[in-house]
Amino acid sequence: MAEASLIILVSLAICISSSLSLVHGAASDPNKFTVIGHVYCDTCRVEFETSLSEPLPGAVVKLECKNRTDEKITLQSPEIATDNIGDYKIEVTGDYEDSDCDVTLVKSPRADCNDPTEAWRKARVVLTALDGVTGQIRFANNLGFKKKDALPGCKKVLTDMGYFELKDELGSEFV
């Protein structure tokens, strides 16, 4: 009898917690999103993060959405500065199903690391609840600015990663 009571009590607790999560989920606004991302200094000038990459506190980004049909701007966030570890958060209200939304680099706080990476100058984010993506947090790909000159340790790091054709980015003196 004690076992049956324990099973009923555990089942009841599970049902109540499930009901609470459903109520909480239903109460959340499907048209509110938080875009989270990171900005780094590409110290090897290779347009992706390595173990030598550095977070870029104080870098400035913005979010802009454009309608896919007529290219009109449907959302433009204020410029946002990254925190002390290079992370940013942008709060968005609204559904942008018909728009392409990108976080773009605006400005670097460092004179020695202010060349925006070509491949990752912007990061696309989906800001609609109507596409099957659940949740209000949207993660943007990391964005980076390149240093003027690659660090001396880049050759070893990149060789360890399996990259051998480094002359174009690092110069012949590093390879």
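**Disulfides, a helix face and two nonpolar cores**

Cys-113 is buried, with a relative accessible area of 0%; buried here stands for under 20% relative accessible area, exposed for over 50%, and partly exposed for values in between, with a 1.4 Å probe and protein chains only. The model is a predicted one, in which local features need pLDDT of at least 70 and side-chain atom pairs count only at pLDDT 80 or more, while totals for chains, interfaces and linings use all residues. Residues are numbered from 1 along each chain as its sequence is written, and side-chain values rest on heavy atoms, with hydrogens and water left out.

Cys-113 is a good place to start, as a disulfide joins Cys-41 to this residue, with an S to S distance of 2.1 Å; a disulfide is taken as a pair of cysteine sulfur atoms within 2.5 Å. The torsion about the S-S bond of Cys-41 and Cys-113 is about 120 degrees, so this disulfide is right-handed. Cys-41 sits in strand S1 (residues 32-42) and Cys-113 in the loop between strand S7 (99-107) and strand S8 (115-116), so the pair ties together parts that are 72 residues apart in sequence. Helices (H or I, at least four residues) and strands (E, at least two) are DSSP runs numbered from the N terminus. Like its partner, Cys-41 is buried, at 0% relative accessible area.

The structure holds 3 disulfides. Counting bonded cysteines along the chain, they follow the pattern 1-5, 2-6, 3-4. Another of these links joins Cys-44 to Cys-154, with the sulfurs 2.0 Å apart. Its S-S torsion is about -90 degrees, so the link of Cys-44 and Cys-154 is left-handed. Cys-44 lies in the loop between S1 and strand S2 (54-55) and Cys-154 in helix H2 (residues 154-161), so parts that are 110 residues apart in sequence are tied together. Cys-44 and Cys-154 are both buried. The link of Cys-65 and Cys-101 has an S to S distance of 2.0 Å and, with 115 degrees about the S-S bond, is right-handed. It connects distant parts of the chain, from Cys-65 in strand S3 (residues 60-67) to Cys-101 in strand S7, 36 residues apart. Cys-65 has a relative accessible area of 0% and is buried, and Cys-101, at 1%, also counts as buried.

The loop between S7 and S8 also contains Ser-108, which is buried with a relative accessible area of 14%. The side chain of Ser-108 reaches the backbone oxygen of Cys-113 at 2.6 Å. A polar atom of the same side chain lies 3.2 Å from the backbone nitrogen of Arg-110. Leaving aside neighbours within four places in sequence, Ser-108 is in contact (heavy atoms within 4.5 Å) with Leu-56, Cys-113, Asn-114 and Phe-145.

Helix H2 brings the account back to Cys-154, which is buried in this helix together with Val-157 and Leu-158. Seen down the axis of H2, the buried residues fall within an arc of 90 degrees, so they line one face of the helix; the arc is that of the directions from the helix axis to the C-beta atoms. The face turned away from this buried side carries the exposed residues Lys-156 and Asp-160. Just after H2, Gly-162 takes a positive phi of about 100 degrees. Positive phi also turns up at Glu-47, at about 65 degrees, although this residue is not a glycine. Glu-47 lies in the loop between S1 and S2 and is buried, with a relative accessible area of 16%. Glu-71, likewise a residue other than glycine, has a positive phi near 65 degrees and is found in the loop between S3 and strand S4 (73-76).

A nonpolar core is a set of buried Ala, Val, Leu, Ile, Met, Phe, Trp, Tyr and Cys residues joined through side-chain atoms within 4.5 Å. The largest such core has 24 residues, and those with the most contacts inside it are Val-35, Val-39, Leu-63, Tyr-88, Val-92 and Leu-127. Two or more residues of this core come from each of S1, S3, strand S6 (87-93), S7, strand S9 (122-125) and strand S11 (143-146). S1 gives the most, with 4 residues. Beyond its neighbours within four places in sequence, Tyr-88 is in contact with residues including Val-35, Val-39, Val-61, Ile-80, Val-103 and Leu-143. A second, separate core of 5 residues includes Cys-44, Val-46, Cys-154 and Leu-158.

Key
A polar contact is a pair of N or O atoms within 3.5 Å; within protein, one must be able to donate a hydrogen and the other to accept it, and residues adjacent in sequence count only if both atoms are side-chain atoms.
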